[in-house]
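Hi,

Here is the structure I promised to pass on. Have a look, and my notes on what turned up follow below.

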Amino acid sequence: MILQGIAFYVFAALLVASGVMVISARNPVHSVLFLILAFFQAAGLCLLMGAEFIAMILIIVYVGAVAVLFLFVVMMLDINFRELRQGAMEVLPLGALVGLILLAELAAVLGGWIVAPNVAAIAGAPTPAIDQVSNTQALGRLMYTQYVYLFQASGVVLLIAMIGAIVLTLRHRPGVRKQNIGAQISRRREDVVVIRKVPTGEGV
Amino acid sequence: MAEFWSGFLLPLIIMVLQILAITVPLLVAVAFMTYAERKIMGAMQMRQGPSIVGPFGLMQPFADGLKLFAKEQILPEGANRIVFYVAPMLTFFLALIAWAVIPFDYGVVLSNINVGVLYLFAISSLGVYGIVMAGWASNSRYAFLGALRSAAQMVSYEVSMGLIIITVLLCVGSLNLTDIVRAQEKVWFCIPLLPMFVMFFISALAETNRAPFDLPEGESELVAGFMVEYSSAPFALFFLGEYANMILMSAMTSILFLGGWLPPLPFAPFTWVPGIVWFALKIAFCLFTYVWVRATVPRYRYDQLMRLGWKVFLPLSLFWVVLTAGVLVTFGWLPK
């Protein structure tokens, strides 16, 4: 129990510290690397709660795919930090507002937890006990039965986002030469090579 | 005090010894993998391969290692010092920690977690960070181009790899690696899922940056790609990490498709051999095929590599997931 407590505080402290470093690091690439560290600490916290599936998916999706592309883009951007910092003061009120809203939401969630501690237990009621089915199975059963329409709807939202990105970037340029592998492979020797006997002094 | 000993210190010591029992043979295997690769390639190209240091050149990997560690460490000008040194450490570290969940025999596993296959997938998808960080921190164009190629390549092939793993999981009904191997007691998955097996093997080649997909370090265009600025010990760490990753991917292939520690036929002369030997033999077979491919196939062009990943493997593996699910549901073969 003590070990778990120590692990929790290590993960939580590192999570907050790397979160602070994300916004305070001078180099944007360092910021992304700290963001990845923060994802890892969050995954560790999920593991401590026994949510191993969520932890692994967090690492696979966010660290393994999203953050790679993020890093990819940030590394190639040519950002002028001085200009960036000058503009920061103008959007500060907006940022503060977003932060306040998030804080209020967190307070609402945690406040509900403290005022009525059994609410969480009622909400979690459809999930069977942890010793009967594993975490992953419980999640699957819930997601493909009770919440199947919401699950499908979120898939559709992602699909629309993908189509939107394609529509925004797709343009047909004339004169682009593309490799047609099927045509290349189906070429036969007799279609392209002609052997001729060339008489001396006459040419083809 | 006695409680401290039996409740904390003793398990800790046992754990450290178990970890050593996995990593030390792994590093020895990595050393001899480099030797085997050179010998096999030599034989395939009608050369001798290393033959001077020790009997049959067996001491060659250790001579190479000593040479590497005795060289001068160079930090390129304008390089980002911390990221530059963290990158090879990360590569090496990731190649080692994945082995925590690999079952070597029934019950012989360091940590038998429920989501073993997801853990392996997560760790292998992190391998790209070592390369991207190395390429960026080196402050060199060759290294950076190698890193960019590698990032795009590994992300692309991970997608189809994930779908292939889902196909296997559909047939098993569990994410636990031990369960996956035990589900193959009747028939290895490489037989009913043969196209997936071939695609997984090719994706593994791309994921480990091996020939014919070794574009991140393609020496004919990028000198040595992302590791061009590295020398001495950091270079050795990259090298060890890459080979450990190859062995890991072979282990993953044998667990998912070749029946892990199971003997090829479930009766007498085969069952006498301990499971760990079968597992090692299967890994060795996969590694031999890696070298074989390297000695045979020329390097892909980059757009062809991307085309293969996105336009061939992704639709094909998606189709196969749907087909497998359909067959399992239609015939009522879904695992309980």
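Quick bit of groundwork before the details: a helix here is a DSSP run of H or I at least four residues long, and helices are numbered from the N terminus. Also keep in mind that this is a predicted model.

With that in hand, start in helix α1 of chain B, residues 2–44. Phe32(B) and Tyr35(B) sit three residues apart in that helix, which means about one helical turn separates them. Their rings make an edge-to-face aromatic pair, 6.5 Å centre to centre with 85° between the planes. Over all chains, the structure has 22 aromatic pairs.

The same kind of search for charge pairs gives five salt bridges over all chains. One to click on is Arg210(B) with Glu37(B), whose side chains meet at 2.7 Å, N to O. Glu37(B) belongs to helix α1 of chain B, while Arg210(B) is in the loop between α7 (194–207) and α8 (219–222) of that chain, so the salt bridge ties together parts 173 residues apart in sequence.

Now for the interface. How many residues does each chain bring to the contact? Chain A brings 26 and chain B brings 28. About 2,200 Å² is buried between chain A and chain B, and carbon and sulfur atoms give 78% of that. Met56(A), Ile60(A) and Met75(A) supply 25% of the area that chain A buries against chain B, more than any other three residues.

As for polar links, the rule finds zero salt bridges across the interface of chain A and chain B. There are, however, five residue pairs in polar contact between the two chains, with both residues at pLDDT 80 or more.

On the chain A side, α2 (28–48), α3 (52–76) and α7 (135–145) each supply at least two of the residues that touch chain B. α3(A) gives the most, with 14 residues. Sorted by class, this side of chain A has 18 nonpolar, seven polar and one charged residues.

Last, the annotation. The unreviewed UniProt entry marks "transmembrane region" over several stretches of chain B, including 82–104 and 270–293. In the model, residues 82–104 of chain B are 70% helix and 0% strand, with end C-alpha atoms 36 Å apart. For residues 270–293 of chain B, the figures are 88% helix, 0% strand and 29 Å between the end C-alpha atoms.

Over to you!

Key. Residues are numbered from 1 along each chain as its sequence is written. Chains are lettered from A and ligands numbered from 1 in the order in which they are written. Side-chain values use heavy atoms; hydrogens and water are left out. UniProt positions are given in the numbering used here, feature names are shortened, and annotations may be inferred rather than shown by experiment. Contact means heavy atoms within 4.5 Å. Buried area is the accessible area (1.4 Å probe) that two parts lose on being put together, summed over both. A salt bridge is a side-chain nitrogen of Lys or Arg within 4 Å of a carboxyl oxygen of Asp or Glu. A polar contact is a pair of N or O atoms within 3.5 Å; within protein, one must be able to donate a hydrogen and the other to accept it, and residues adjacent in sequence count only if both atoms are side-chain atoms. Ala, Val, Leu, Ile, Met, Phe, Trp, Tyr, Cys and Pro count as nonpolar, Asp, Glu, Lys and Arg as charged, and the others, Gly among them, as polar. Rings of Phe, Tyr and Trp (its six-membered ring) pair if their centres lie within 6.5 Å; planes under 30 degrees apart count as stacked, over 60 as edge-to-face and the rest as tilted.
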